[in-house]
Each structure stands twice: as structure tokens, then as C-alpha cells.
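Colleague: I would like a close look at one part of this model, with the terms spelled out as you go. Please keep it connected, so that I can follow it on the screen.

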Amino acid sequence: MFKKILAALVTVTLALPLSAQAAPIVIKFSHVVANETPKGQAANYFKKLAEERTKGRVKVEVYPNSQLFKDKEEMEALQMGSVQMLAPSLAKFGPLGIKEFELFDLPFIFDDYAELHKVTQGPVGAKLLKKLESKGLIGLAYWDNGFKVMSANKPLRVPGDFRGLKMRIQSSKVLDSEMRSMGAMPQVMAFSEVYQALQTGVVDGTENPPSNLYTQKMHEVQKYVTLSNHGYLGYAVLVNKKFWMGLPADIRTILDGCMKDATVFANNVAKKDNDEALAAVKKSGRSQLITLTKQERAAWKKAMDKAHKDNMSRIGADVIKEVYKETGYSPDK
């Protein structure tokens with residue numbers, strides 16, 4: 001009788017779908033921006049692909065808008081395994097001791113997406129991601145957000161217009177140099193706190209791609225937006241190394257493929273969403289859009305070139321010169 005019962009149990013177990021036999025592998029994917037942003041949409045797209053292609057063996061839980069961790073907390077949480085996946089901005093890696101990533105914060109270093117992707121999708125980008133492994137992290141991909149605009153409650157047309165303004169930045173020595181080169185006073189602040197700080201006058205202005213500006217409603221408390229495209233904001237998608245290497249090899253292969261497809265999606269949607277966000281800001285009538293003349297843009301670039309010089313030794317002259325070679329950057333370009 002016992003043998004019959006055992007045989008019946010085995011038969012039932014084998015007949016069950018795999019998802020019913022074992023709990024799915026959970027990937028907690030935390031980020032600090034809204035679902036509607038390029039990063040938010042790409043995270044949800046990765047979730048969809050991962051769950052479909054693994055047939056339920058993987059479950060991706062996406063936590064947007066700093067629901068789990070704020071800017072300063074999320075990297076430590078990933079290293080400790082409290083979350084398994086992040087897509088922090090590239091400005092976050094300096095404090096980890098990998099200062100080479102700060103090259104992405106250098107103003108005017110990329111003129112367009114074609115120049116940018118020569119770096120993020122080329123050998124320089126791959127070499128940088130490899131450096132994360134010593135910190136217990138694995139870099140899977142770079143995701144675009146977009147090129148940044150400046151906002152304030154006064155028109156920002158020439159470097160002198162920044163003098164004395166308190167400008168919110170991410171924690172980055174390069175961005176600190178960038179703002180100081182324009183005569184502003186940089187203020188490091190968590191992304192989730194920026195709207196209220198702008199609303200109450202704790203800070204006077206900030207820099208963001210249009211999608212962040214619009215989805216966080218910063219345009220409602222900023223009278224002017226200058227279409228400077230002076231800097232790039234992008235992300236590196238990271239996983240906890242111990243977690244990633246502990247996955248079954250077939251699952252890891254599937255997730256790699258999902259990430260490749262999610263990256264194409266992320267970069268396409270970033271361009272589209274920033275264009276649409278800018279149009280929405282203009283339509284709202286809450287902020288006046290300012291387009292720099294060729295001469296004004298040249299003046300910004302000349303002033304901000306100081307950030308390149310100030311951070312050459314910090315980031316590493318070799319890697320910066322590799323990027324210059326790829327993009328053709330020069331102060332007089």
C-alpha cells in the first residue's frame with residue numbers, strides 16, 4: 001500500500017507545472033524614479049520578459065519612487081543583498097571607489113546619442129562594468145535616460161546667470177565642479193526630496209532630463225527651463241554578484257537575453273519620452289523654455305570645461321582621453 005501511495009505522489013508531482021513544484025526565484029528591482037520615466041518603463045519591461053521567458057521560474061518585484069531605498073541607501077542595500085537589482089545613475093559609483101564612472105558626468109562630453117553609444121556599447125563601457133565585480137556587483141547593461149536641461153526661477157542664458165544660485169545635484173564631485181564653474185552653489189540632495197525643496201526655495205534650481213523634470217512635476221515650481229543638453233544622465237543595471245552567480249546557468253542565460261532586449265527598449269523609450277515630456281512642459285505653460293544661441297552654448301561649454309580639468313586626475317586621464325578619442329571632444333569643438 002505504501003509503495004502505491006508513494007508512486008501516486010511521484011506521479012502527481014511530475015504532472016505539476018514547475019512553478020507549482022518550487023517557489024519562484026524573486027528578484028527585487030528597486031529604483032528611485034516614477035514608473036512613467038524611461039527607467040521605470042524599462043524595469044517593468046524587463047519584469048515582463050523575465051517572467052514570460054522563464055515560464056514563472058523567476059518573479060521580478062519592481063519598487064519605484066524610492067519605495068524601498070533612497071538614493072544614498074540603495075547601493076549598500078544591493079551589496080548586502082537586501083535587493084537583487086538596481087539601475088542607479090552613473091554618478092553613484094564614485095563613492096564606491098570606482099571614480100572612472102564619473103566621466104559620464106563631464107559636461108558636453110557627448111554631443112548626441114551616437115557619440116554616447118560608442119562608449120556605453122563599446123570597449124570602454126565594458127571595461128568600466130568589469131570594475132564593479134570587486135565590489136560584489138555585476139554590471140549587466142547601460143540604460144539611457146537622456147541629456148539634461150537646467151531649470152530655475154530666473155532665466156539661465158549665460159554663465160553669469162548662475163551666480164549665487166543654490167542648484168541641486170546628485171552626489172558627484174564632477175557635478176559639484178560643473179555648478180561651481182558657473183558660479184552656482186551645488187546642493188547634494190536625494191531625488192525624492194527635490195520637488196519640495198524647489199517648492200519651498202531650499203534650492204533655486206536643478207538639472208534633469210525632461211522626463212524626470214516632468215514626471216516629478218518640477219516644472220510646476222520652476223519658471224524657466226533652459227534646453228542646454230549640457231550633460232548626460234544614464235544608468236547601469238546592476239545585480240548582486242553572489243545572487244547572480246548562484247542562479248541556475250539556464251536562468252542566467254535567459255535573463256541576460258531579457259536584459260539585452262530591455263536595454264534596446266530602454267534606450268528607444270528614453271529618446272521618445274524626453275521629447276514628449278518637453279512638449280508637455282511647454283504645453284503646460286508653467287515653465288518658459290529657453291533655447292541657447294550658438295554663442296551662449298559656447299560660453300557654457302568654455303566655463304564648464306573647468307570641470308574636465310579639475311577632475312582629470314580624479315577620474316583618470318587615460319580613460320577620459322579614450323572617451324575624447326571616441327567622441328572627438330575638445331574645448332573648442
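Modeller: What follows begins with the basis of the values and the whole chain, then goes to two helices and to the aromatic rings.

This is a predicted model, in which local features need pLDDT of at least 70 and side-chain atom pairs count only at pLDDT 80 or more, while totals for chains, interfaces and linings use all residues. Residues are numbered from 1 along each chain as its sequence is written, and side-chain values use heavy atoms, with hydrogens and water left out.

The chain has 13 helices and eleven strands (DSSP runs numbered from the N terminus, helices being H or I of at least four residues and strands E of at least two). Its radius of gyration is 22 Å, close to the 20 Å that the globule rule gives for 333 residues, so the chain is as compact as a globular protein of that length (the radius is taken over C-alpha atoms, and the rule is 2.2 Å times the number of residues to the power 0.38). Buried residues make up 51% of the 333 residues, where buried means under 20% relative accessible area, exposed over 50% and partly exposed in between, with a 1.4 Å probe and protein chains only.

Helix α6, residues 123–130, has Val124, Gly125, Leu128 and Leu129 as its buried residues. They cover an arc of only 135° around the axis, which puts them on the same side of α6 (the arc is that of the directions from the helix axis to the C-beta atoms). The face turned away from that buried side carries the exposed Pro123 and Lys130. Among what covers the buried residues of α6 are α5 (113–120), β4 (137–147), β10 (232–240) and α13 (317–327).

In α13, the buried residues are Val319, Ile320, Val323, Tyr324 and Thr327. Seen down the axis, they fall within an arc of 145°, so they line one face of α13, whereas Asp318, Lys321 and Lys325 are exposed on the other side. The buried residues of α13 pack against α5, α6 and α12 (294–315), a contact being heavy atoms within 4.5 Å. Just after α13, Gly328 takes a positive phi of about 75°.

Turning to the rings, a search of the whole structure finds eleven aromatic pairs (rings of Phe, Tyr and Trp, the last by its six-membered ring, pair if their centres lie within 6.5 Å; planes under 30 degrees apart count as stacked, over 60 as edge-to-face and the rest as tilted). One of these, Tyr45 with Phe265, is stacked, at 4.2 Å centre to centre and 15° between the planes. Tyr45 lies in helix α3 (residues 38–53) and Phe265 in helix α11 (residues 249–284), so the pair ties together parts that are 220 residues apart in sequence. Tyr45 is partly exposed at 26% relative accessibility, and Phe265 is partly exposed at 27%.

The rings of Phe110 and Tyr232 have centres 6.2 Å apart and planes at 80°, so this pair is edge-to-face. Because Phe110 lies in the loop between β3 (85–86) and α5, and Tyr232 in strand β10, the pair ties together parts that are 122 residues apart in sequence. Phe110 is buried, with a relative accessible area of 3%, and Tyr232 counts as buried at 3% too. Ring pairs link Phe104, Phe110, Tyr113, Tyr142, Phe147 and Tyr232 into a cluster.
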